[in-house]
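Reader: I'm new to this structure and would like a close look at one part of it. Could you pick the strands and the aromatic rings around them, and walk me through slowly?

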Amino acid sequence: PYVTREGVVHAASILRMTAQVILFVCTGNTCRSPMAEGMFRHLLCERLKCGPEQLDDHGLIVASAGIAASYGMPASPESTELMADMGIDIRVHESQPLTARLLNHADFVYTMTRGHRNAILAQRPDLADCVHVLAPDGSDVPDPIGGGMDEYRRCQHAIESHLQQIISRLSLPSE
């Protein structure tokens, strides 16, 4: 049985249940992946000409997690500041560990390093087709933690460049 029209289940609920889930993964989910999540949302909103609160209405969910993250940590002050400079607010970000549930729901998983991808695939080889290193050439996005603002800026620029390439190739459900 397929859902063929709105009825008992509202169209908005159907859209949420069938949303495309894009997940960004780093180590602690406080620097790289929150920046990637925030910038990707921003780029999607620009492309779809909508606000962040409307991405669900376009059938898109963007999230981030960490291989070794704990629950509830904020984004690093450096990441928060860099994103604010771009007009992106990640102050409400709370870290979360990468879980089987997140992986089961994700359509695309982008990792910051080959090591992150390998760690996921060691546990879930069935996800090889949807887990990718963020950089199209497979190179790592270095962890900026403890490196100062210049290191964070280099990291931000690298992530943004990779995201631009991904978004240009992405087929969006509601365009």
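Author: Here is a walk from the whole chain to the strands, then to the rings, with a stop at one helix at the end.

Keep in mind that this is a predicted model. The protein has 6 helices and 4 strands. Starting at the N terminus, the order of the elements is α-β-α-β-α-α-β-α-β-α. Of its 175 residues, 43% are buried. Look at contacts with a separation of 6 or more, and you'll find that 73% of them link residues 24 or more positions apart. As for the outside, about 9400 Å² is exposed, and carbon and sulfur atoms supply 53% of that.

Now to the strands. Find β1, which covers residues 20–26, and β3, which covers residues 108–111. These two pair in the parallel sense, over 4 bridges. One of the spots to look for is Phe-24, whose bridge partner in β3 is Tyr-110. Next, go to β4, residues 131–133: this strand runs parallel to β3, and 3 bridges join the two. Here Val-109 of the pairing stands opposite Val-131 in β4. To get from β3 to β4, the chain passes through helix α5, residues 114–123, and this β-α-β crossover is right-handed.

With the strands in place, let's turn to the rings. How many aromatic pairs are there? The count comes to 3. Take Phe-24 and Tyr-110, which make a stacked pair with 5.8 Å centre to centre and 25° between the planes. Phe-24 sits in strand β1 and Tyr-110 in strand β3, so this pair ties together parts that are 86 residues apart in sequence. Are these two rings on buried or exposed residues? Phe-24 has 0% relative accessibility, so this residue counts as buried. Tyr-110 is buried too, with a relative accessible area of 7%.

Tyr-110 has another stacked pair, with Phe-108: 6.4 Å centre to centre and 10° between the planes. Phe-108 is partly exposed, its relative accessible area being 25%. Put it all together and you get one aromatic cluster, formed by Phe-24, Phe-40, Phe-108 and Tyr-110.

Let's finish with helix α3, residues 77–85. Which of its residues are buried? Ser-79, Thr-80, Leu-82 and Met-83 are. They cover an arc of only 165° around the axis, so they lie on the same side of α3. Turn to the other side of α3 and you meet Pro-77 and Asp-85, which are exposed. And what covers the buried residues of α3? The cover includes α2 (32–48) and α6 (148–169). Just past the helix, have a look at Gly-87: this residue follows α3 and has a positive phi, near 80°.

Terms used:
Residues are numbered from 1 along each chain as its sequence is written. This is a predicted model: local features need pLDDT of at least 70, side-chain atom pairs count only at pLDDT 80 or more; totals for chains, interfaces and linings use all residues. Side-chain values use heavy atoms; hydrogens and water are left out. Buried means under 20% relative accessible area, exposed over 50%, partly exposed in between (1.4 Å probe, protein chains only). Contact means heavy atoms within 4.5 Å. Accessible areas come from the Shrake-Rupley method with a 1.4 Å probe; for residues, only the protein chains shown count as cover. Two strands pair if DSSP finds at least two bridges between them. A crossover is right-handed if, with the strands pointing away from the viewer, the path from the first strand over the helix to the second runs clockwise. Rings of Phe, Tyr and Trp (its six-membered ring) pair if their centres lie within 6.5 Å; planes under 30 degrees apart count as stacked, over 60 as edge-to-face and the rest as tilted. The arc is that of the directions from the helix axis to the C-beta atoms.
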